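Trainee: Please take a close look at one part of this protein, the place where its two domains meet. What holds that interface together in terms of contacts, area and residue types?

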Amino acid sequence: MYSRPAWPDATTVHAALAPAHAVIEERRALYRLGLDLLAPGHDPVPDAQLDNPLLRFRIGEALAGRLPYVDADDELGPITTELPAGPVSVRVATGAEANDRLAEAMRVIQTQSLPGRRPPRLLTGDGEALATVAAGLRKVREVSPALADDLLAHVGLLVVLDPATSGGLISASSRLFPGLVLIDRPSSPYEVAEAIIHEGAHVKLFDFAITRNFLGADAAEGRVFRPSWSSAAWPVEQVIAAFHAYTCLAQFAQDVERHGEMSRLGPDSLLCRARERATEIGRWLLGEEDALEFDARWLLHTLMCDETGPEQLSPVTRPVPPGHYALDPLLRLARMEATGRVLAGRPGDPPELHWLDGEAADLAVELSQAPAGKSLSEIGAERAAVLAALVEATLVRAASRGGVLSSSDGTFASEGN
């Protein structure tokens with residue numbers, strides 16, 4: 001028998017990893033700096049547009065080197081209705097032109113998930129469905145306000161599908177269009193509430209994955225999990241997403257039970273089985289955690305109440321020789337107000353983005369304010385390992401006393417260049 005103490009509150013664990021407002025700030029900073037590198041001189045982009053799943057798709061695909069970045073009219077305002085959900089609001093696609101505006105997204109998602117089928121169509125102009133969605137958002141806040149505050153800010157757009165074209169889908173989200181949540185036409189507020197918790201957990205985990213140390217792709221290759229309730233074979237990325245979602249659903253189930261409303265759940269509800277499935281998935285992940293990076297391992301151990309916890313390993317770096325060191329002059333830095341972390345971006349094809357924490361963030365900012373660079377003695381021997389890690393990542397390079405980068409790292413050495 002697998003015994004355990006009481007399960008922790010997922011929202012508390014999320015806050016310990018990174019407060020919700022900090023994750024949102026960092027996510028927006030990543031897309032803003034990414035766009036700056038992809039399209040220098042573009043017009044300023046407001047936060048609401050940086051939360052737009054269509055823009056996030058174009059930036060994400062360009063940063064991954066899969067598609068060139070091109071400007072497009074993906075403004076959502078004219079086709080959406082904002083529904084209040086406590087301190088945030090959720091945009092729902094309702095306008096008559098929503099199918100045209102989102103046609104390409106639906107095609108890409110359909111090709112990715114169910115190739116060979118026609119893309120689903122959006123359900124617009126259905127006042128009863130919109131009222132049910134609004135009631136579902138109210139239900140989430142009524143039953144589980146902490147989860148609502150934790151997850152809803154990560155939902156960039158909610159789309160209700162025409163059931164005649166959805167192929168029986170209940171709810172879905174896509175990593176290609178972060179923040180986009182799809183649901184079939186709901187018949188009750190609880191269907192909406194459960195879908196929002198389920199898919200909200202997925203989009204929140206994606207935001208963690210692009211701002212924290214989560215997945216080691218190479219180590220995860222070839223590993224699959226076969227759940228006892230399905231014939232599916234999940235790669236590690238899907239396993240950690242399912243574990244996180246079922247953990248949030250289990251917490252929501254406890255809140256629903258406390259409200260005495262379990263009888264209101266629909267026949268397709270996963271809430272009664274969420275804790276059991278989260279445990280099964282989590283136990284498998286504990287045996288495969290070397291495929292995860294530190295923050296994902298910490299999240300796993302904490303949510304599984306495993307007191308052994310992961311050990312934070314220092315990166316193995318070559319020692320740096322005495323001399324002068326300067327920040328790569330092509331780097332652009334953005335410091336986060338909430339956490340002090342630094343996002344470093346470098347142009348390229350595709351551009352590079354690096355998150356820096358603690359002393360590494362402080363040293364990068366310090367060197368950015370010293371164009372001529374600093375000597376190892378000025379940086380301090382106690383920070384030699386931090387400097388070595390920045391040099392290993394080629395964010396900092398050896399420089400002459402005049403601040404010119406050394407030819408030892410393959411760059412120019414002539415001060416006339």
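**The interface of domain 1 and domain 2**

Mentor: Start with one pair: Arg 341 forms a salt bridge with Glu 26, and their closest N and O atoms are 2.8 Å apart. The model is a predicted one, and this distance is computed from it. Between domain 1 and domain 2 the count of salt bridges is two. Polar contacts across the interface involve six residue pairs, with both residues of each pair at pLDDT 80 or more.

Three elements give two or more residues to the side of domain 1 that touches domain 2: helix H2 (20-38), helix H4 (53-63) and helix H9 (189-211). H2 gives the most to this side, with eight residues. By type, the residues on this side of domain 1 are nine nonpolar, two polar and three charged.

As for the bounds, the domain assignment places domain 1 at 23-211 and domain 2 at 324-399. To their contact, domain 1 brings 14 residues and domain 2 brings 16 residues. The C-alpha centres of the two domains are 34 Å apart.

The area comes last. Domain 1 and domain 2 bury about 1200 Å² between them, and 68% of this lies on carbon and sulfur atoms. Of the area that domain 1 buries against domain 2, 45% is supplied by Glu 26, Leu 33 and Leu 37, more than by any other three residues. Glu 26 is thus named twice: it is one of these three residues, and Glu 26 is also the salt-bridge partner of Arg 341.

Note on methods:
Residues numbered from 1 in each chain as written. Predicted model: local features only at pLDDT ≥ 70, side-chain atom pairs only at ≥ 80, totals over all residues. Heavy atoms only, no water. Domains from an automatic or database assignment. Contact = heavy atoms within 4.5 Å. Buried area = accessible area lost by both parts, 1.4 Å probe. Salt bridge = Lys/Arg side-chain N within 4 Å of Asp/Glu carboxyl O. Polar contact = N/O pair within 3.5 Å; in protein donor to acceptor, adjacent residues only side chain to side chain. Helix = DSSP H or I, 4+ residues; strand = E, 2+ residues; numbered from the N terminus. Nonpolar A, V, L, I, M, F, W, Y, C, P; charged D, E, K, R; others polar.
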